[in-house]
Amino acid sequence: MNTPKKEVLLKIRGLEIQGYSDETWVDIIKGVDLTLHRGEVLGLIGESGAGKSTIGAAAMGYARDGTRISAGSIEFDGMELTTASESERRALRGSRIAYVAQSAAASFNPAHKIIDQHTEAPVHYRIQKRMEAQEDAMELYERLRLPNPGEIGFRYPHQVSGGQLQRAMTAMAMSCRPDLIIFDEPTTALDVTTQIEVLAAIRDIVDQFNTAAIYITHDLAVVAQMADTIKVLLRGNEVEEAPTEEMLENPQEDYTKSLWAVRSFQRPQKSRPTDGSKPVISVKNVDAAYTGGAKVLDDVSFDIYEGMTVAVVGESGSGKSTTARVITGLLPPMKGEVLHRGEPLPPKYTDRTKDQLRQAQMIYQMADTALNPKVRISEIIGRPAQFYSGLKGAALKNRVDELLDLIELDPSKFYNRFPPELSGGQKQRIGIARALAAEPEFIICDEVTSALDQLVAEGILKLLDRLQNELNLAYMFITHDLATVRSIADEVVVMQHGRVVEHGPKDEMFKPPHHPYTDLLLSSVPEMDPNWLTTLLEERGVDNVGEAAKVG
Amino acid sequence: MAFVVGYYALLVIASCAAAYFNQRKLFLMLFSLTLVSFVLGIVGGVPALRAVTIFAGLLAFAGAVSYAFREFLIAMSGEELAKELRTAPLTAAFGMFVIFTYAIAGIFAPWIAPYGEAEIISTAFAPADENMLLGADQLGRDMFSRIIYGARNTVGLALTATVSAFVIGATAGLLAATKGGWFDQFMGRVADVIMSIPSLIFALLMLSIFGPEIHVIIIAVAIIYAPRVFRLTRAVAGNVVVMDYIEAARLRGEGTGYLIRREILPNSTAPLVAEFGLEFCFVFLLIAGLSFLGLGIQPPTADWGSMVRENATLISFGDITPLIPAAAIALLTVAVNFVVDWMLFRSSGLKEQ
């Protein structure tokens, strides 16, 4: 890591980028400098809207639609990109600068085989003949530890898993042996267990070919594993830049310190009530399947007591959200039942009474699709209050104001606005207010913080915690993020392939001995220590990560 | 002679000015017009150049009217609407102006038209004079008055028929998307059956069975066009019902009526309004076509479609009278399409480019 500084590959000076909105040009990037040497990995971190991806695109001399590079210089290997012609810049892309996008599934053309897309660039640039390129691709697949490297390229993108596809995309970026690769949040959409194999593969290949890379992410622990240098961005300005270890140990700016501190939020753990009261919701031996499909849930049982938070964790496809659908009545179970304070709830939501519906509310992951964009905030929040409690006129308005106060938004400012005018965190708060308006006992939080920036997510978690204490709510917290579990949960339910593999109070769950799957999940969460990945890979052995890991 | 000299002088000066002020597109347009005019002048002589001048003048006039009308609308409307209107291109403003004019003509027809629609005031095919702006038709009725009344009858009928088609189609589409299951399947198959019958033949059949009454026309046209609206509405609403906010409303226990009215409809209005404009044109043309065949609006009620047919003989004498109602139909169709284009542009993501 501490190699002496080598030849400068990319030099960006005073970069300013503007975006067109509301009929005027607005500054997005306000004068950023960046220097990248050959073989060096630079981590760009910041919240959404900080301009990370815009800078990444600019490093290729590219301004996205609706944006323009208004000032500054971008010098790549002695060539000025801002004044270069479009065809000159195009000749660089793919051959000398490559790009790996966040969603590999959306970036591959589903109509062509992976290897056909892989060989397109080297054949186009006449670097390799088609057959040579194909053999080279297989070699790269092998280095990236993809299973069946000789065969996997001849599949279509939908026939391989998300983590494999992301590695195939990295291989594709490598196909012309570029000098610089831009990774734009390559692991954000993946599960923790899959994330590790992609991280390990990317790091290996960047080392092996001595490629320089810009690694864009919002996850500090990930960037700590990957980067030699970290640059922190805030609203288009540079906050600070330092070598990784220095940055982690001794951040200079307040903003960076606040980013580092996010993961420290923790609240005291509560235990089950001992007065013999029935659990608010209890799921009993539930089996469920979607029409005509295989079983998604297999004998799932757990209880949620008053005033407690039960976190349900597991990879995508483990049945977390399906359990929520069974509890709300959207998916009637094949076997088993859901009890509310000892009383069985009708399996279909259409058969439940208004009061039963009121007791279980939901907060969704994507606040964008959870709030109707054409309905005013006052009605979004007011409607449940009107619907369940029959409030009207002034009483209804008072209730909405009260709810807005509860979620720490100023009623006078937000009462008449529409959801698209709000920020992500504000939208999520409105979603919480809508659930609270029904005055429920129990709220299902489905990945409520995973689409939010860390600082905003922390605010939401604190808010949920405060509301729980004030209103004595029970939460079922669906998440794949174990850091969130650590900070907010009282009990943890670990799910895998539709089964509950482990279940118990949080302090016991985070202490060994674990179920092997829980252990895999826990050890896969990136830590801030820059040597974490190396140590982990040594412990597990390179072939025993992610999907390949043997789980007993 | 002076006209020709002035014509070329003006063009050359205008192109030089455009070039001087760096208006590249304008300059290219003006200068190529100058070059084309050389050829036109040699082949067609002064009349050809005069035609070009008149055409350019009309275009400029229409542009000026549209611009002024848009500014008028912006000045008259509230803040939010004004902001939307500012994004309207001149073509859309022109379309709105034409629709506005037709609406005025239709609503105030008895006061604007100098004579009644069935009133015989002159001899057959009398030429235009100081009493009759556009001359007389085959029975000696005032052509201008009949055009004005035609706006009321033809456009009114088309509007009623389109609205009925929309009420039927949109209601069925929204219900099908919200309810799903067998109801969705059933409505879809019904729509398929109706769409499999050629529209004009279906209309002719209905009209010859039940007689060419106004309400029969409206019902027949509504039935023909409702399935198209149904399909569009169902597709648009289908994209909305899968959203989490619909799930939240369902879990709250809301009924179908509330779901459609408050949650789905506000999110599907833009494509529906655009579709309304398009369908209106088709309905309008279908009714004009039926009238032309003699099965639409019955005489002596003025109607643009039948006016074309009744005066068709005049065309062989080189008179443009039968083309006037045809032009009225064409102008409205073009105008509505201009407005619809703008709305489609707004509702799609194209404006981001």
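Which pattern does chain B follow when it is read along the sequence? Select chain B and trace it from its start: the pattern is α-α-α-α-α-α-α-α-α-α-α-α-α, and the chain has 13 helices and zero strands. Before going further, keep in mind that this is a predicted model.

**Chain B as a whole**

With chain B still selected, turn it along its principal axes, where its C-alpha atoms fill a box of roughly 80 × 60 × 40 Å. Of the 353 residues in the chain, 34% are buried. If you look at contacts in chain B between residues at least 6 apart in sequence, 64% of them join residues at least 24 apart.

Next, colour chain B by its domain assignment, which divides the chain into domain 1 (2-67) and domain 2 (110-352). The centres of domain 1 of chain B and domain 2 of chain B, taken over C-alpha atoms, are separated by 39 Å.

**A stop at B:Val4**

Now select B:Val4, which you will find in helix 1 (residues 2-20) of chain B. Is B:Val4 buried, exposed or partly exposed? It counts as partly exposed, because 14 C-beta neighbours lie inside 10 Å. Setting aside the neighbours within four places in sequence, B:Val4 is in contact with B:Gly41, B:Val46 and B:Leu49. Add B:Leu26 to the selection and you can compare two distances, since B:Val4 and B:Leu26 are 22 residues apart in sequence and 22 Å apart in space, C-alpha to C-alpha.

**Where the two chains touch**

Show both chains together and select the residues at their contact, which takes 13 residues from chain B and 18 residues from chain A. On the side of chain B that touches chain A, helix 10 (244-252) and helix 11 (256-292) of chain B each supply at least two residues. The largest share of that side, five residues, comes from helix 10 of chain B. Coloured by class, the side of chain B that touches chain A shows five nonpolar, three polar and five charged residues.

**Chain A: domains and confidence**

Move on to chain A and colour its domains, which are assigned as domain 1 (9-39 + 50-87 + 231-261), domain 2 (94-227 + 522-552) and domain 3 (281-511). Between the centres of domain 1 of chain A and domain 3 of chain A, taken over C-alpha atoms, there are 38 Å.

Then switch the colouring to pLDDT. The mean for chain A is 81, and 96% of its residues reach 70 or more. Among the elements of chain A, the lowest mean pLDDT (74) belongs to helix 10 (residues 254-261) of chain A, and the highest (90) to strand 16 (residues 360-363) of chain A. Over residues 546-552 of chain A, pLDDT stays under 50, although the model has 17 contacts beyond four places in sequence for this stretch. Where pLDDT is low, the predicted coordinates should not be read in detail.

**A sheet in chain A**

Select strands 12, 11, 14 and 15 of chain A, which form an open sheet of four strands in the order 12-11-14-15, with antiparallel pairing. Strand 12 (295-304) and strand 15 (343-344) of chain A stand at the edges, each with a single partner strand, so one side of each has no neighbour in the sheet. Strand 11 of chain A and strand 14 (residues 335-340) of chain A pair in the antiparallel sense over five bridges, and A:Val283 stands opposite A:Val338 in strand 14 of chain A.

**Two residues with positive phi**

Stay on strand 11 (residues 281-289) of chain A and pick out A:Asn285, which lies in it. A:Asn285 has a positive phi of about 45° although it is not a glycine. Most residues other than glycine have a negative phi. A:Asn285 counts as partly exposed, with 13 C-beta neighbours inside 10 Å.

For a second case, go to A:Glu439, placed in the loop between helix 17 (424-437) and strand 17 (442-446) of chain A. The phi of A:Glu439 is near 55°, again a positive value in a residue other than glycine, and A:Glu439 is partly exposed, with 15 other C-beta atoms within 10 Å.

**The nonpolar cores**

To finish, select A:Phe477, B:Ala161, B:Val221 and B:Ile287, which touch the most other members of the largest nonpolar core, a set of 152 residues. Leaving aside neighbours within four places in sequence, the contacts of A:Phe477 include A:Thr309, A:Val310, A:Cys445 and A:Ile488. A second, separate core of 76 residues includes A:Ala137, A:Ala171, A:Ile181 and A:Tyr215.

Note on methods:
Residues are numbered from 1 along each chain as its sequence is written. Chains are lettered from A and ligands numbered from 1 in the order in which they are written. This is a predicted model: local features need pLDDT of at least 70, side-chain atom pairs count only at pLDDT 80 or more; totals for chains, interfaces and linings use all residues. A nonpolar core is a set of buried Ala, Val, Leu, Ile, Met, Phe, Trp, Tyr and Cys residues joined through C-beta atoms within 7 Å. A residue is buried if 20 or more other C-beta atoms lie within 10 Å of its own, exposed if 12 or fewer, and partly exposed in between; C-beta atoms are placed from the backbone. Two residues are in contact if their C-beta atoms, placed from the backbone, lie within 7 Å. Ala, Val, Leu, Ile, Met, Phe, Trp, Tyr, Cys and Pro count as nonpolar, Asp, Glu, Lys and Arg as charged, and the others, Gly among them, as polar. pLDDT is the predictor's confidence in each residue, from 0 to 100. Domain bounds come from an automatic or database domain assignment. Two strands pair if DSSP finds at least two bridges between them.
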